[in-house]
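User: I would like a close look at one part of this protein: its charged side chains and the pairs they form. Please start from the whole chain and then work inwards.

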Amino acid sequence: MPPSISAFQAAYIGIEVLIALVSVPGNVLVIWAVKVNQALRDATFCFIVSLAVADVAVGALVIPLAILINIGPQTYFHTCLMVACPVLILTQSSILALLAIAVDRYLRVKIPLRYKMVVTPRRAAVAIAGCWILSLVVGLTPMFGWNNLNAVERAWAANGSMGEPVIKCEFEKVISMEYMVYFNFFVWVLPPLLLMVLIYLEVFYLIRKQLNKKVSASSGDPQKYYGKELKIAKSLALILFLFALSWLPLHILNCITLFCPSCHKPSILTYIAIFLTHGNSAMNPIVYAFRIQKFRVTFLKIWNDHFRCQPAPPIDEDLPEERPDD
């Protein structure tokens with residue numbers, strides 16, 4: 001008999017479904033925009049597509065699995081473990097995509113004349129593939145043995161049961177907090193975030209320095225070139241800020257769980273932290289639409305061409321620079 005769903009769980013499921021309904025179409029639109037607009041084909045936007053793919057998967061895969069875990073079905077231990085791992089893979093993929101974007105923007109302002117020779121489409125594709133492979137290794141580490149199976153088996157045997165343990169599927173029941181804090185957070189989340197902060201600080205410093213010196217750039221117009229780089233860097237730094245704001249609360253709660261087992265964590269805080277992590281996947285398309293003009297114009301063209309049946313004029317790949325308030 002399936003477990004009954006409380007009113008609180010129903011509200012949780014409703015909010016999760018709403019996030020998914022915003023996240024999936026929004027990020028599909030990002031991928032679509034890069035496909036139809038040649039001006040969105042440089043390395044940065046390829047990494048943005050990788051980020052959007054991860055966000056689509058959050059809405060289409062992770063949120064349904066999170067709803068399943070919230071209902072708490074009875075499953076075998078390793079089945080529950082497989083349900084819990086996708087979010088780890090996709091989180092890591094998002095972090096590495098953000099790091100690749102930060103490095104790419106740094107190279108654009110550090111070596112503008114040699115940028116296109118250094119950052120080739122092939123190297124960008126290799127970097128994206130490397131990010132996903134590394135994300136799979138980090139996210140699937142619990143499947144290789146760093147999990148709570150031993151503790152669950154001891155409890156299972158203490159009850160006189162035999163075979164693989166059958167448990168109520170919950171994230172913390174199968175995923176080791178030592179893995180989440182020491183390996184996932186302290187190695188693969190916090191250091192990349194701090195590194196990205198340093199990279200963007202250096203990017204802003206270099207841009208301001210070049211704007212003040214008015215050094216020639218590949219565009220032939222330093223004010224235009226570095227002004228554009230400054231606006232895009234601000235938008236991408238905002239993406240990073242929102243990601244950190246969305247994910248750090250949950251990792252802090254994990255640290256409390258590990259270092260202070262007796263501390264009481266109100267369940268509402270855990271739910272808010274989960275909503276923030278999932279909601280982050282819906283934020284990026286909104287930021288692109290409001291902050292990056294090439295995306296905004298392409299989104300409108302797609303809307304007019306395919307949903308309003310009113311073909312828009314062709315996209316001008318040499319769009320004027322974003323307004324100062326963009």
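Analyst: What follows goes from the whole chain to its charged pairs, and then to two other spots for context.

The model is predicted. The protein chain has 12 helices and two strands. Along the sequence, their order is α-α-β-α-α-α-α-β-α-α-α-α-α-α. The C-alpha atoms fill a box of roughly 75 × 45 × 35 Å along the principal axes. The chain has 326 residues, and 48% of them count as buried. Now look at contacts with a separation of 6 or more. Residues 24 or more positions apart account for 80% of these. The exposed surface comes to about 16,400 Å², and carbon and sulfur atoms supply 69% of it.

Next, the charges. There are 27 positive and 20 negative side chains. The centres of the two sets lie 7 Å apart. How many salt bridges does a search of the whole structure find? It finds seven. Three of the pairs deserve a visit.

Start with Arg-105. This residue sits in helix H3, which covers residues 77-110. Is Arg-105 buried or exposed? Its relative accessible area is 1%, under the 20% cut-off, so Arg-105 counts as buried. Arg-105 forms a salt bridge with Asp-104, and the closest N and O atoms are 3.8 Å apart. The cut-off for a salt bridge is 4 Å, so this pair qualifies. Asp-104 is buried, as Arg-105 is. Leave out residues up to four places away in sequence, and Arg-105 still touches Thr-44, Val-203, Glu-229, Ile-232 and Leu-236.

Move on to Lys-265 and Glu-172. Their salt bridge has its closest N and O atoms 3.6 Å apart. Lys-265 lies in the loop between helix H10 (222-259) and H11, while Glu-172 lies in helix H7 (residues 171-174), so the pair ties together parts that are 93 residues apart in sequence. Both partners are partly exposed. Lys-265 has a relative accessible area of 22%, and Glu-172 has 40%.

The third pair is Lys-301 with Asp-305. Here the closest N and O atoms are 2.8 Å apart. Both residues lie in helix H12 (residues 293-306). They are four residues apart, about one turn of the helix. Asp-305 is partly exposed, with a relative accessible area of 25%.

Some salt bridges share partners. Through such sharing, Asp-42, Asp-104, Arg-105, Arg-108 and Glu-229 are joined into one network. Arg-105, the buried residue of helix H3, is thus a familiar name in that list.

Now a contrast in chemistry. Which residues form a nonpolar patch on the surface? They are Phe-8, Ile-268, Leu-269 and Ile-272, with about 360 Å² of accessible area together. Helix H11 (residues 267-291) gives the most to this patch, with three residues. Leu-269 is in helix H11. Leu-269 is partly exposed, with a relative accessible area of 43%.

One last stop is Val-49, in helix H2 (residues 43-71). Beyond its neighbours within four places in sequence, Val-49 is in contact with Ile-31 and Val-34. Val-49 and Ile-167 are 118 residues apart in sequence, and their C-alpha atoms are 37 Å apart in space.

Notes
Residues are numbered from 1 along each chain as its sequence is written. This is a predicted model: local features need pLDDT of at least 70, side-chain atom pairs count only at pLDDT 80 or more; totals for chains, interfaces and linings use all residues. Side-chain values use heavy atoms; hydrogens and water are left out. Buried means under 20% relative accessible area, exposed over 50%, partly exposed in between (1.4 Å probe, protein chains only). Contact means heavy atoms within 4.5 Å. Accessible areas come from the Shrake-Rupley method with a 1.4 Å probe; for residues, only the protein chains shown count as cover. Lys and Arg count as positive and Asp and Glu as negative; His and the chain ends are not counted. The place of a charge is taken as NZ of Lys, CZ of Arg, CG of Asp or CD of Glu. Patches are made of residues with over 30% relative accessible area and no salt bridge: like charges are joined within 9 Å, nonpolar side chains (Val, Leu, Ile, Met, Phe, Trp, Tyr) within 5 Å. A salt bridge is a side-chain nitrogen of Lys or Arg within 4 Å of a carboxyl oxygen of Asp or Glu.
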